[in-house]
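User: Hi! I'd like to walk through the enclosed spaces in this model with you, and then look at what the UniProt record adds. Shall we start with the cavities?

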Amino acid sequence: MAFAVTDELLGTFVPIAVYWLYSGLYIVLDGLGMDDYRLHPKGEEVKNIVSKWTVVRGVLVQQAFQIAVSLLLFTVLGDESGTVRKQPSTLVIALQFIIAMFVMDTWQYFMHRYMHINKFLYKHVHSKHHTLVVPYAFGALYNHPLEGLILDTIGGALSFLISGMSPRTGIFFFSFATIKTVDDHCGLWLPGNILHVFFSNNSAYHDIHHQLYGNKYNFSQPFFVMWDKILGTYMPYTLETRKGGGYEARPVKLSQAQQTKAD
């Protein structure tokens with residue numbers, strides 16, 4: 001019996017391949033010398049208290065959980081009749097993308113923020129991700145497995161189910177979400193980055209959150225910043241040129257009222 005490569009299998013494994021390929025692109029760029037575009041000087045990477053090999057292993061563990069849940073979901077929802085599901089119109093697919101983006105952002109904002117509010121969850125779960133004070137591309141999914149399950153895997157499943165997208169559409173949506181997540185953690189501010197044109201949630205915005213002063217702000221991920229702005233956890237910043245090369249995302253001073261609301 002021939003092994004069929006279904007949309008469900010592609011939707012499970014293609015985003016993982018995209019993660020490592022897109023991260024690999026940033027590794028290549030780093031090797032070419034990106035000091036003029038860094039959000040942190042290279043020497044500041046010593047602030048990260050885990051090795052890059054530890055990060056690679058951690059991400060692979062999370063992706064293993066992601067594969068298991070995804071295959072389980074498609075098995076439960078699978079159509080065994082053998083009929084090919086007709087793809088909807090381009091307009092419907094675009095609408096499904098928007099719905100999925102909103103669902104994912106909403107889920108991740110509130111779960112992410114709660115992991116900062118709950119001291120037990122922050123200490124034993126979410127703090128693992130914040131060991132990367134200076135983010136880099138392939139560390140984007142370096143999380144505790146429980147966090148990966150709650151934020152990414154369950155958030156992705158909800159986005160898929162609520163939007164009503166097909167497995168084939170899911171291949172493209174989750175690949176795009178993966179690219180966006182990696183880009184937000186790349187630690188670079190590259191000129192001409194098209195994602196910065198469409199999204200104000202970007203590498204500089206998320207870098208603020210990874211710093212001690214931004215720990216209670218900029219929870220939104222991976223697409224929009226609406227929930228931060230609506231609920232008072234938005235920390236505005238300016239992008240300044242650093243002496244010696246590169247950039248620095250500097251927070252704009254918040255009013256006392258804004259600080260109290262975030263707390």
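User: How many cavities of 30 Å³ or more are there?
Analyst: Happy to help! This is a predicted model, so what follows is computed from its atoms; a cavity here is a set of points where a 1.4 Å probe fits but cannot get out. With the cut-off set at 30 Å³ or more, the count is 2 cavities.

User: What volume does the largest cavity have, and which residues lie nearest its centre?
Analyst: The volume of the largest cavity is about 450 Å³. Its lining is made up of 26 residues. Those nearest the centre are Gln66, Asp152, Thr153, Gly156 and Phe174.

User: Which element gives the largest share of that lining?
Analyst: Five helices come into play, each giving two or more residues to the lining of the largest cavity: α1 (7-32), α2 (52-77), α3 (90-117), α5 (145-163) and α6 (167-184). The largest share is 7 residues, and the helix that supplies them is α6.

User: How many charged residues are in the lining of the largest cavity?
Analyst: Let's go class by class. Nonpolar residues number 14 in this lining and polar ones 11. That leaves the charged class, with 1.

User: Now the second largest cavity: how much space lies in it, and which residues are nearest its centre?
Analyst: About 170 Å³ of space lies in the second largest cavity. Its lining has 18 residues. Nearest to the centre are Gln108, Ala140, Thr181, His185 and Gln221.

User: Which element gives the most to the lining of the second largest cavity?
Analyst: Good one to check against the first cavity. At least two lining residues come from each of α3, α5 and α6. The top contribution is 3 residues, and it comes from α5.

User: How many polar residues does the lining of the second largest cavity have?
Analyst: Sorting by class, there are 4 nonpolar and 3 charged residues in this lining. The polar count is 11.

User: Which residues does UniProt list for the fatty acid hydroxylase domain, and how much of that span is helix?
Analyst: The unreviewed UniProt entry lists "domain: Fatty acid hydroxylase" for residues 97-233. In the model, the end C-alpha atoms of residues 97-233 are 25 Å apart, and strand makes up 0% of the span. The helix content is 61%.

User: How far apart are the end C-alpha atoms of residues 12-33 and of residues 89-110?
Analyst: The unreviewed UniProt entry gives "transmembrane region" for residues 12-33, 54-77 and 89-110. In the model, residues 12-33 are 95% helix and 0% strand, and residues 89-110 are also 95% helix and 0% strand. The end-to-end distances are 34 Å for residues 12-33 and 32 Å for residues 89-110.

Notes:
Residues numbered from 1 in each chain as written. Predicted model: local features only at pLDDT ≥ 70, side-chain atom pairs only at ≥ 80, totals over all residues. Heavy atoms only, no water. 1 Å grid on protein atoms, 1.4 Å probe; cavity = no way out; pocket = protein on both sides within 12 Å on 5 of 7 lines; lining within 4 Å. Points joined across faces, edges and corners; volume = space filled by probe spheres on them. Helix = DSSP H or I, 4+ residues; strand = E, 2+ residues; numbered from the N terminus. Nonpolar A, V, L, I, M, F, W, Y, C, P; charged D, E, K, R; others polar. UniProt positions renumbered as here; feature names shortened; annotations may be inferred.
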